[in-house]
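Hi,

Here is the structure I promised to pass on. Please open it next to this email.

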Amino acid sequence: MSKINLTNLNNLDFSTKKSILHEYNMLFKEYDISKRINWIFNNLPNNIVITSSFGLQSIAFLHLIVTHQPNIPVILIDTGYLFSETYCYIDLITDSLKLNLNIFRSYLSPAWQESRYGKLWKKGVVGLKQYNEMNKIEPMKRALKELSVMTWISGLRHDQSNFRSNLEYFSIQHNVLKVLPMIDWNTKLVNKYIKNNNLLNHPLWNKGYLSIGDIHTTHKYQVGMLPEDTRFFGLKRECGLHDKL
């Protein structure tokens, strides 16, 4: 089994990276979720972190990971515009799972941003791009750098959006190895895991939301909508965190 030396990742040529990632992706197709997570912590470079939005089904991913590695750093990108229910939920889950929570934010407060730029989320795709760059992408890059991250675990799943349906278990973003151990799980499996482990659902779980992000760019599902339409006014689905940084 090949092993990526991330200290020299930039020195690897494209074909070598592709070959190693292919090997890892094929391996994970044969593993169940527990074996995948154990393999991550036994085989991948240290300085491993996870990210979470503390959205509707995030609790399953968080519980799975911290059960295997209790003190792993959990990165939260706080835009300052999360639902009040989400902030309360973060406090509850951080306490109940004893999370090692690391919060990163924009250098500019929400009030200062609005004073300087106005309400960017009301300015179409260009405004949303600037908003996400300032409040999500830049803080995420800073988190990866400040925590010297070498392996980044995320709870993305194929069934969450068209974009995510094409993702694999392993990829490289910003010179960091990114792993998606739950990528082939679906909503039914997640809900079953939450129920079997008596985990606390997000307060907005049963109120018509398919996903939860910022309060001004998240909308309840209505008949006729695509899941993507419930975020960013249907103009886009992804905020940029999971694009190539």
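Below is what I found, starting with the chain as a whole and then turning to the aromatic rings.

Please keep in mind that this is a predicted model.

The chain
The secondary structure comes to seven helices and six strands. Along the sequence they follow the pattern α-α-β-α-β-α-β-α-α-β-β-β-α. Of the 245 residues in the chain, 49% are buried. Take the contacts between residues at least 6 apart in sequence: 70% of them join residues at least 24 apart. The chain exposes about 12,500 Å². Carbon and sulfur atoms supply 52% of that area.

The aromatic pairs
The count comes to twelve aromatic pairs. One of them joins Phe 28 and Trp 39, with 5.4 Å centre to centre and 80° between the planes. That pair is edge-to-face, because its angle is over 60 degrees. Phe 28 sits in helix H1 (residues 14-29) and Trp 39 in helix H2 (residues 33-43), eleven residues apart.

Are these two rings' residues buried or exposed? Phe 28 has 0% relative accessibility, so this residue counts as buried. Trp 39 has a relative accessible area of 9%; this is under 20%, so Trp 39 is buried too.

Both belong to a cluster linked by ring pairs. Its members are Tyr 24, Phe 28, Tyr 31, Trp 39, Tyr 169 and Phe 170.

Charges over rings
Two further spots to look at. The charged end of Arg 142 sits over the ring of Tyr 107, 4.1 Å from the ring centre. Lys 178 lies over the face of Trp 152, with 4.2 Å to the ring centre.

Best wishes

Key
Residues are numbered from 1 along each chain as its sequence is written. This is a predicted model: local features need pLDDT of at least 70, side-chain atom pairs count only at pLDDT 80 or more; totals for chains, interfaces and linings use all residues. Side-chain values use heavy atoms; hydrogens and water are left out. Rings of Phe, Tyr and Trp (its six-membered ring) pair if their centres lie within 6.5 Å; planes under 30 degrees apart count as stacked, over 60 as edge-to-face and the rest as tilted. Helices (H or I, at least four residues) and strands (E, at least two) are DSSP runs, numbered from the N terminus. Buried means under 20% relative accessible area, exposed over 50%, partly exposed in between (1.4 Å probe, protein chains only). A charge sits over a ring if NZ of Lys or CZ of Arg is within 6 Å of the ring centre and within 35 degrees of the ring normal. Contact means heavy atoms within 4.5 Å. Accessible areas come from the Shrake-Rupley method with a 1.4 Å probe; for residues, only the protein chains shown count as cover.
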